[in-house]
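Biologist: Please show me the sequence and the structure, and then I will ask about the fold, the core and the charged pairs.

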Amino acid sequence: MGKNSHRIGIIGGTGLYQVEGLTHKRWVKVRTPFGLPSDEFLTGKLEGRDVVFLARHARGHRLLPSELNHRANIWALKKLGVAWIISVSAVGSLQARYKPGHIVLVDQFVDRTKKDFEHTFF
């Protein structure tokens, strides 16, 4: 790793399958105790910073949201030295005040659509 000891992880949502400007690209497979991650990880440098990129739904959007192995994805990112994650998503809102093009930063997230113990570290 470069001058900074921790990498930044970028998880791309629907339509984000690569990072422009990434140099020193290398694809890495990671085995986890939770099974296979969504895809291989693309490591490289972005503006001099070490980053690790993962296409959440796999390259070519091969995985449905219910098929994602979140624990494997996060465990693998940590194994690759990631300390911070930027996760990009394209979702709709149920509130009229949030229009297309608005950006919302979430400070808490609880997924009640799945069994917690099968999809989290709790």
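**Salt bridges, core and surface**

Biologist: How many salt bridges does the structure hold?
Modeller: This is a predicted model, and side-chain atom pairs count in it only at pLDDT 80 or more. On that basis the salt bridges in the structure number four.

Biologist: In what order do the elements of the chain run from the N terminus on?
Modeller: The chain has two helices and five strands. From the N terminus on, their order is β-β-β-β-α-β-α.

Biologist: Which residue forms a salt bridge with Arg59?
Modeller: Arg59 is in the loop between S4 and H1, and its partner, 20 residues apart from it, is in the loop between S2 and S3. The closest N and O atoms of the pair are 2.7 Å apart. Arg59 is partly exposed at 30% relative accessible area, whereas the partner counts as buried at 11%. That partner is Asp39.

Biologist: What is the N to O distance in the salt bridge of Glu40 and Lys29?
Modeller: Both residues are in the loop between strand S2 (23-28) and strand S3 (41-46), 11 residues apart. Glu40 is partly exposed, at 23% relative accessible area, and Lys29 is exposed, at 69%. Their side chains meet with an N to O distance of 4.0 Å.

Biologist: Which residues are linked with Lys29 in a network of salt bridges?
Modeller: Lys29 pairs with Glu40, and Arg59 pairs with Asp39. These pairs belong to one network, in which Lys29 is linked with Asp39, Glu40 and Arg59.

Biologist: Is Asp50, the salt-bridge partner of Lys45, buried or exposed?
Modeller: The closest N and O atoms of Lys45 and Asp50 are 2.9 Å apart. Lys45 is partly exposed, with 22% relative accessible area. Buried means under 20%. Asp50 has 9% relative accessibility, so the residue counts as buried.

Biologist: Which strand and which helix each supply at least two residues of the largest nonpolar core?
Modeller: The largest nonpolar core is made up of 10 residues: Ile11, Val28, Val30, Phe41, Val52, Leu54, Ala76, Leu77, Leu80 and Val82. The elements that each supply at least two of its residues are strand S4 (49-55) and helix H1 (70-79).

Biologist: How many residues does the other core have?
Modeller: This core lies apart from the largest one. Ile10, Leu22, Leu42 and Ala55 are among its residues, and their full number is seven.

Biologist: Leaving aside neighbours within four places in sequence, which residues are in contact with Phe41?
Modeller: Phe41 belongs to the largest nonpolar core. Its contacts beyond four places in sequence include Val28, Val30, Val52, Leu54, Ala76, Leu77 and Leu80. The others on the list are Arg26, Trp27, Phe53 and Asn73.

Biologist: Why does Thr43 count as buried?
Modeller: Thr43 is in strand S3. Leaving aside neighbours within four places in sequence, Thr43 is in contact with Arg7, Leu22, His24, Lys25, Arg26, Val28, Val51 and Val52. A residue counts as buried when its relative accessible area is under 20%. Thr43 counts as buried because its value is 4%.

Biologist: How far are the C-alpha atoms of Thr43 and Trp27 separated?
Modeller: Thr43 and Trp27 are 16 residues apart along the chain. The separation of their C-alpha atoms is 6.3 Å.

Biologist: Which residues form a nonpolar patch on the surface?
Modeller: One member, Val106, is in the loop between strand S5 (82-87) and helix H2 (116-119). Val106 is exposed, at 60% relative accessible area. Together the members have about 280 Å² of accessible area, and they are Tyr98, Val104 and Val106.

Biologist: What separates the C-alpha atoms of Gly60 and Leu16?
Modeller: Gly60 is in the loop between S4 and H1 and is exposed, at 60% relative accessibility. Along the chain, Gly60 and Leu16 are 44 residues apart. Their C-alpha atoms are separated by 9.9 Å.

Biologist: What percentage of the residues in the chain is buried?
Modeller: The chain exposes about 9,000 Å², of which carbon and sulfur atoms supply 56%. The chain has 122 residues, and the buried ones make up 29%.

How values were computed. Residues numbered from 1 in each chain as written. Predicted model: local features only at pLDDT ≥ 70, side-chain atom pairs only at ≥ 80, totals over all residues. Heavy atoms only, no water. Core = buried A, V, L, I, M, F, W, Y, C linked by side-chain atoms within 4.5 Å. Buried < 20%, exposed > 50% of the residue type's maximum accessible area, 1.4 Å probe, protein only. Helix = DSSP H or I, 4+ residues; strand = E, 2+ residues; numbered from the N terminus. Contact = heavy atoms within 4.5 Å. Patch = residues over 30% accessible without salt bridge, like charges linked within 9 Å, V, L, I, M, F, W, Y side chains within 5 Å. Areas by Shrake-Rupley, 256 points an atom, 1.4 Å probe, with all protein chains shown as cover.
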